[in-house]
Structure formats: structure tokens, C-alpha cells
Amino acid sequence: MKITINNREYDMPENISILEAVKKANIKIPTLCYMEGKEPYGGCRLCVVEVEGSKTLVPSCAVKISEGMKIKTHSEKVRKVRKTIMQLIVASHGISCELNCLTCPKATSCELKTIAEEIG
Amino acid sequence: MPFKVLEGIIIAAYAVKANYGYIYIRGEYSKAIDIFEKTIKDAYHRGLLGKNILGSDFSFELKLVKGAGAYVCGDETSLINSIEGKRGFSRIKPPYPVQRGLYDKPTVVNNVETLATVAEIMKYDENIYSKMGTEKSRGTKLVSISGDVKLPDVYEIEFGKGTLKDIIELAGGTKDELNFVVPGGLATSILKYDEIDVLYTYEDLEAAGSSVGSGGMIVVSNKHDLVDILLNVSDFFVKETCGTCFPCREGNRNIKEILLELKKKGYKEKYKKIIGELREAILLAARCGFGQSSVNFIYSLLDKFFYEEVR
């Protein structure tokens, strides 16, 4: 199946999600609620991508690729929305003077922190 | 009316060869539930439902399900979850209900207004609705007008025959001076007092930046405090969000925080940027239609009444 990711054409196997296809193309998309082998949940919305012809952004973990699909994983729109969502996630994380990344024992193995740094 | 809906359900079932159907009514609507319970009982008694309807080889069972009153259960996938006895929140689409819906079987979900219309269309050889309305908005719409009008009620409006202003006139006019109109429920953008000269059709309302929505029109006079209205609506969405996806859950919560600050300290320029960003994220990335439309009202009201004052 032929699809286009970020203006480059790829030949992908059928019946895989956009996220899997993007991974095969060695492009990284941040995810939090996605877990390989489990049904996608679509809660964190960080993996959203732009698909030509779709009014809204689509969650790449939950949508399967289709013939001729044109995907943009890091367009300006996508990055802006992703950043806002990440800000919302971090804002709801209960960070305070007493409890923050400096005092948290999980700081070195924290998925949230890694992705927050990635998105910026 | 219940018979028209019942007829529509049976016709729809016959068309898609479905043998099981459910009618889902919110638990609060006890009157509608009483009426429809009786309707279903009578229909079974007369052989209009059940095995071999009126001696034909078509069988159809209809069951009434009472909802527990969550707003999000108006979304088709949430409604399906609710019927299955699960928590009422949306499912990921695709698969769409027509592919895999109730109990993982292909399912058609329709609104009662649509079903009642189906019954009406099937009654005549020629489709009477095709002659009504405009090219893009055919037929009629049941508009439920509430708020500051003298005769709040449900009115059947033909598309393209009148403006929003005419519809308000039909409902007896406004009680005090008109401030704004919500054309289609809290999920649609507001139209200001000087913007209501717009024809009531899908295309004209869309061009005006709003939409027909659910047809639940709310008329608001200038006797109400705008910030209180904003907080009330925001509170509703914070309470009713199912909480599955971040943009809708946290976005709406943060919008409420901003509005509380607005009430305390007055309007600030920075709110526009923050709410604009939140709106974009929710609009583009929320998981269901409930989330995507949850900021329309608040953003349009702020845009039309607060931002302009500053400009």
C-alpha cells in the first residue's frame, strides 16, 4: 500500500495503523496512552497527525492507513496542538514547590518528563 | 407523535433487515418514557411489533432503554456503551457503529426527529420534503425555542423561509432587549443581536459562523450578566466531559479557571490568546463531537462581546 508521510512516499503493508507506519518510516511521534499489543485507547491525543482531507487531526494510534493517504506528522498545526495538549497534561500533574521533577524519585525514568522535553 | 417515531423505527429496521431495536430516552424525561412504554405495549398487542409483524415474515423486537442522564450519551458511540451497561463515554471511531456497534454488531443510530421524518416521507408516493426548504437544506426542522421569549415552545420551521429574527417573532418576540441568540444548543456559536438577519438554513447559518446544531435555540436578553452565563456553560462542560481524552477534560477545566479569574479581576488581553490556543487543541484533537464542539459557545461569546470592547 502506497502512502505519503511528510512528502515522502512509502510502501507499507496493509491493515496497520498510521502510528505503526510512521514507526516503520523511522519517524518518532510522542505517545503516552499507547501500548503495543493492546487496543488503542485514544486518550492522550499526543499522537495526532494531519491527514489530507480530514477537517480535524486524527489519532494515529487508532486509525488504519489507506491507499494514497497523505500524512504530516510534524506540521506547524500538529506541533502547536501537541504542545497545548502537553501543557494541559503537565498542568494537571500536580507539580508544586514540594513535589516536582527535582524531588521526584521517578525523575530519571519518567515517560512524561521525556516527552515534555521532546516537545519542548 | 410517538406513533410517527415508532413507524420510523419499524421502517428503518425493515430497510436494513434488523430484528432488534432499542429506543434510548434520558431517564429524566419521565413523561416521554411513560408515553413510549405504553406505545410499545400497545404495538405488541396489536401485532405491530414482535414476531411476524402483521402476518409478514419480518420480525422486530423493540426495547426501551432509560439513560442515566449524561449529556455525552447523545453521542452515538457513548449511547451504545450506555445501552450495553458500560460507562457512558465515546468509543474510538473507526470502527463506526455501522461497521461494529451495539454488542459489536453493525448498528444504525438515528435521532427520533429523523425517524419521525422517515415515517412522513414514506407516507406519500412523492417526497413532500424535497419540495420544501433550499437546495442544501431540505424539509423542515423542529426548533425548540427557550430563554427570554414570550412563547417558548417547539416550532416546526421550514428551511429557508424565514430568518432567525422571524423565528423569534414566531415565538412571541423577546421579553427584554435582545442580546444574543444560540441557534442550536450550547455546542454552537452565538450570534449577536445585530447578526440575526440570517436565513434559517444549514448553509446560511454556517456562513454566519454558527450552525443549526440540535435545533435547541436559546434566546438571551440583556438582563443577564455575560460572565455568569459563561461560567454556567463552562461548568456544564466541565461536569459533563467524560474525561477520556486530555484536551476536552483538562482544556475545559482550564477554561473554567480562566473564567473564574475573569469574574474576579476583569477581562485581560492574554485570555484571548490562551483560550484561542485551548480552543484550537480541543477542536482539532478531542476524541468525540462533544469535545470538539465544547468551546464554540464560550469562544464566540468572548470573541463577540469582550474582545471587541478592547479593540
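**Exercise 1. Describe how much area is buried between chain A and chain B, and find the residues of chain A that supply the most.**

*Solution.* Start with the total: chain A and chain B bury about 1700 Å² between them, 67% of it from carbon and sulfur atoms. Buried area here is the accessible area (1.4 Å probe) that two parts lose on being put together, summed over both. Next, look at chain A: A:Tyr41, A:Arg45 and A:Leu88 supply 30% of the area it buries against chain B, more than any other three residues.

A word on the model: it is predicted, with local features needing pLDDT of at least 70 and side-chain atom pairs pLDDT 80 or more, while totals for chains, interfaces and linings use all residues. Residues are numbered from 1 along each chain as its sequence is written, chains are lettered from A in the order in which they are written, and side-chain values use heavy atoms, leaving out hydrogens and water.

**Exercise 2. Which side chains meet in a salt bridge?**

*Solution.* First, the count between chain A and chain B is 1 salt bridge (a side-chain nitrogen of Lys or Arg within 4 Å of a carboxyl oxygen of Asp or Glu). Then find the partners: A:Lys80 and B:Glu280, at 3.1 Å, N to O. Helix H2 of chain A (residues 76–91; helices are DSSP runs of H or I, at least four residues, numbered from the N terminus) gives the most to the side touching chain B, with 8 residues.

**Exercise 3. How many residues of each chain are in contact?**

*Solution.* Taking contact as heavy atoms within 4.5 Å, 21 residues of chain A touch 19 residues of chain B.

Note on methods. Helix = DSSP H or I, 4+ residues; strand = E, 2+ residues; numbered from the N terminus.
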